[in-house]
Amino acid sequence: MSVAAAVIRPVVICGPSGTGKSTLLKKLFNEFPDTFGFSISHTTRAPRPGEQPGVAYHFTTREAFLDLARAGGFIEHAEFSGNLYGSSVAAVHAVTQSGKMCVLDIDTQGVKLIKANHAYLNPLYVFIAPPSLSSLKTRLVGRGTESEASMSARLAAAIGELEYAKSGAFDVVVVNDDLERAYNVLKGVVCEGKTTGDTLPDFSA
Ligand code: ADP
Ligand code: 5GP
């Protein structure tokens, strides 16, 4: 199955774990259910309370994931915080076939792989940034879903992800400080084609 038939520009959403990507996307899908469709990734991590299989993710075993990878079933896949995650060809195809704009929520490894191997998809790359590292940590702790080890791995990954964003890899940055404000910026970008978002904060300060 090919995804080359994609006619509507996909949107790639990326940002450190806990920055609020899922929260923002939930609002977008609720407000525009006929416009945007989510690329449901595969993952080997366990479902969090309330996460329905086939909605947030296709939850799978490592063995089944690797089988699908070997069969060429993923556009991109990566290991993050000890678990495998991947965007399947079928997931992206299902959204693009429905005529909706395909939204992918992936990490920076996935972004690099799409840029390297699937440039023809020509996605709009949007980086969701936290207002500060301390607020990122507060949100991750507040979500209450991660073990101490997972939290450390995610915060460590965040440093590299913020560095990558600094390199100018994204078309637009949205700082998720105030949720409603950030959502309005995101809407302006994905609904109205605005090309100006926020300025990436200086996280070294
Ligand atoms: P991600 O999908 O990026 O990992 P989530 O959407 O799960 O992040 O958000 C992580 C936590 O931060 C959640 O508990 C969520 O309710 C909270 N959150 C999201 N956006 C904001 C915001 N603008 N201000 C404060 N808390 C937020
Ligand atoms: P979480 O476990 O918090 O749902 O996701 C952890 C990280 O994996 C997030 O940065 C999220 O964007 C990323 N992620 C989710 N699905 C995919 C995917 O299909 N591919 C890649 N590369 N990353 C993904």
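Colleague: A residue is near a molecule if one of its heavy atoms lies within 4 Å of it. With that cut-off, how many residues surround ligand 2, and which are the closest?

Modeller: Ligand 2 has 18 residues around it, and the closest are Ser41, Arg45, Tyr57, Tyr85 and Asp105. Bear in mind that this is a predicted model: local features need pLDDT of at least 70, side-chain atom pairs need 80 or more, and totals for chains, interfaces and linings use all residues. Residues count from 1 along each chain as written, chains are lettered from A and ligands numbered from 1 in written order, and side-chain values use heavy atoms, without hydrogens or water.

Colleague: Good to know. Which aspartates make polar contacts with ligand 2?

Modeller: Taking a polar contact as a pair of N or O atoms within 3.5 Å, Asp105 puts a polar side-chain atom 2.6 Å from an oxygen of ligand 2. Asp107 does so with a nitrogen of ligand 2, its polar side-chain atom lying 2.8 Å away. The protein covers 96% of the 510 Å² of accessible area that ligand 2 has on its own (Shrake-Rupley, 1.4 Å probe).

Colleague: Which elements give two or more residues to that shell?

Modeller: Strand E5 (74-80) and strand E6 (83-88). Helices (H or I, at least four residues) and strands (E, at least two) are DSSP runs numbered from the N terminus. There is a backbone contact as well: an N or O atom of the Ser87 main chain is 3.2 Å from an oxygen of ligand 2.

Colleague: Switching to ligand 1, what surrounds that one?

Modeller: Its shell has 13 residues, with Gly18, Lys21, Ser22, Thr23 and Arg143 the closest. The side chain of Ser22 has an N or O atom 2.6 Å from an oxygen of ligand 1, and a polar side-chain atom of Thr23 is likewise 2.6 Å from a ligand 1 oxygen. Asp177 joins in through its backbone, where a polar atom is 3.0 Å from a nitrogen of ligand 1.

Colleague: And how much of ligand 1 does the protein bury?

Modeller: It buries 74% of the 570 Å² that ligand 1 exposes when taken alone. Helix H1 (21-31) and helix H5 (133-143) are the elements giving two or more residues to the ligand 1 shell, and H1 has the largest share, with 3 residues.

Colleague: Last topic: which domain does UniProt annotate?

Modeller: The unreviewed UniProt entry has "domain: Guanylate kinase-like" over residues 8-191, though such annotations may be inferred rather than shown by experiment. Across residues 8-191, the chain is 45% helix and 22% strand, with the end C-alpha atoms 13 Å apart.

How values were computed:
A polar contact is a pair of N or O atoms within 3.5 Å; within protein, one must be able to donate a hydrogen and the other to accept it, and residues adjacent in sequence count only if both atoms are side-chain atoms.
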